[in-house]
Amino acid sequence: MFTSTKIALITGAGSGIGRATAIAMSQAGYFVVLAGRRLEPLLETVASLGGSEQSMVVPTDVTNPQSVTALFTRIKEKCGHLDVLFNNAGTNVPGVPFEDLSYEQWASVVNVNLTGMFLCAQGAFRLMKAQTPQGGRIINNGSISAHAPRPDSAPYTATKHGVTGLTKSLSLDGRKYGIACGQIDIGNAHTELSQRMAKGVKQANGEVAVEAMMDVSQVANSVVYMAGVPLDTNVQFITVMATTMPFVGRG
């Protein structure tokens with residue numbers, strides 16, 4: 001049991017922002033718990049860390065309450081405590097006109113991006129409240145969509161607004177237990193899921209334009225910073241974005 005080691009749980013750790021953050025957190029000295037639906041990508045992340053001595057893989061479906069409970073039971077048994085949750089798992093569906101959006105598409109995004117984030121936050125909250133010393137930090141992966149939507153993005157945008165509400169509620173409810181909660185809003189980090197931005201994406205005026213991208217390591221470095229401040233300090237919201245992407249003002 002790792003009683004003296006800082007433990008960080010990263011959901012959606014099999015690719016993209018999750019994998020980059022796992023690498024950065026490991027390099028910062030954390031023992032990282034890697035959670036995600038599929039085992040193979042998680043093992044690829046372990047290989048990127050240079051081996052399994054400073055990591056643990058727990059295949060998890062964040063939309064399934066039993067699976068999430070099993071994840072936190074495993075963390076308690078193996079690690080004894082949890083210092084940081086990076087609540088990162090997320091998904092999206094192809095952009096379609098709102099009137100053509102299916103219930104299944106809507107539900108698939110809500111189940112992962114909002115319900116899954118709730119379940120993982122609740123599991124972390126319970127563990128951090130019960131452990132000695134009490135407390136810890138939850139970092140939710142929001143989006144600049146929590147501030148301004150893209151065209152044809154109702155499910156994703158709605159869930160990210162919901163994440164902001166969850167972040168604020170957890171920040172308030174966690175105070176008496178030493179649990180801090182913040183949110184990182186990300187704009188155009190270069191990952192497998194964001195390739196379309198570099199090829200051209202619909203703008204508010206209906207035109208399609210190539211958008212600026214940034215290296216995903218800048219997101220990971222920001223999460224490490226948020227995780228590393230003392231628990232009497234909280235980075236409530238931070239926005240990390242490609243400098244010239246069309247977000248601030250009118251582009």
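At what angle do α3 and α4 pack, and how far apart are their axes? The legends below, which describe a predicted model, begin with that pair of helices.

**Figure 1. Packing of α3 against α4.** Two packed helices are described by the angle between their axes and the distance between the axes. For α3 and α4 the angle is about 30°, and the axes are 10 Å apart. The crossing of α3 past α4 is right-handed. From α3, the residues P65, V68, F72, I75 and K76 enter the contact, and α4 contributes L119, C120, G123, A124 and L127. By class, the residues of this contact of α3 with α4 comprise eight nonpolar, one polar and one charged.

**Figure 2. Contact between helices α1 and α2.** Helix α1 spans residues 16–27 and helix α2 spans residues 39–49; their axes cross at roughly 35° and come within 10 Å. The crossing of α1 past α2 is right-handed. On the α1 side the contact involves R19, A22, I23 and S26, which meet P41, E44, T45, S48 and L49 of α2. Four nonpolar, three polar and two charged residues make up the contact of α1 with α2.

**Figure 3. The open sheet and its edges.** Seven strands with parallel pairing form this open sheet, in the order β3-β2-β1-β4-β5-β6-β11. The edge positions are taken by β3 (55–59) and β11 (237–241); each has a single partner strand, so one side of each is left without a neighbour in the sheet. From one strand to the next, the twist averages 15°. At the β3 edge, β3 pairs with strand β2 (residues 31–36) in the parallel sense over five bridges. Within this region, V33 has M56 in β3 as its bridge partner.

**Figure 4. Helices α3 and α5 on the sheet.** Helix α3, formed by residues 65–79, lies across β1 (7–11), β2 and β3. The direction of α3 is at about 155° to β3. Helix α5 (residues 154–173) also packs on the sheet, where it touches β5, β6 (179–187) and β11. Between the directions of α5 and β6 the angle is about 155°.

**Figure 5. Backbone geometry at P133 and D152.** Most residues other than glycine have a negative phi, and most peptide bonds are trans. The peptide bond from T132 to P133 is cis, its omega being near 0°. P133 is located in the loop that connects α4 (103–130) with β5. D152, a residue other than glycine, has a positive phi, near 60°. The loop between β5 and α5 contains D152.

**Figure 6. The second largest pocket and its lining.** The second largest pocket holds about 310 Å³ of space. Its lining consists of 20 residues, of which H81, D83, Q131, P133 and G135 are the closest to the pocket centre. P133, one of these residues, also takes part in the cis peptide bond from T132. Two or more lining residues come from each of β5 (136–141) and α7 (217–228). The lining of the second largest pocket divides by class into six nonpolar, eleven polar and three charged residues.

Technical notes:
Residues numbered from 1 in each chain as written. Predicted model: local features only at pLDDT ≥ 70, side-chain atom pairs only at ≥ 80, totals over all residues. Heavy atoms only, no water. 1 Å grid on protein atoms, 1.4 Å probe; cavity = no way out; pocket = protein on both sides within 12 Å on 5 of 7 lines; lining within 4 Å. Points joined across faces, edges and corners; volume = space filled by probe spheres on them. Helix = DSSP H or I, 4+ residues; strand = E, 2+ residues; numbered from the N terminus. Nonpolar A, V, L, I, M, F, W, Y, C, P; charged D, E, K, R; others polar. Pairing = 2+ DSSP bridges. Axes fitted to C-alpha atoms, helices over the stretch in contact; angles between N-to-C directions. Contact = heavy atoms within 4.5 Å. Left-handed = near helix turned anticlockwise from the far one by under 90°.
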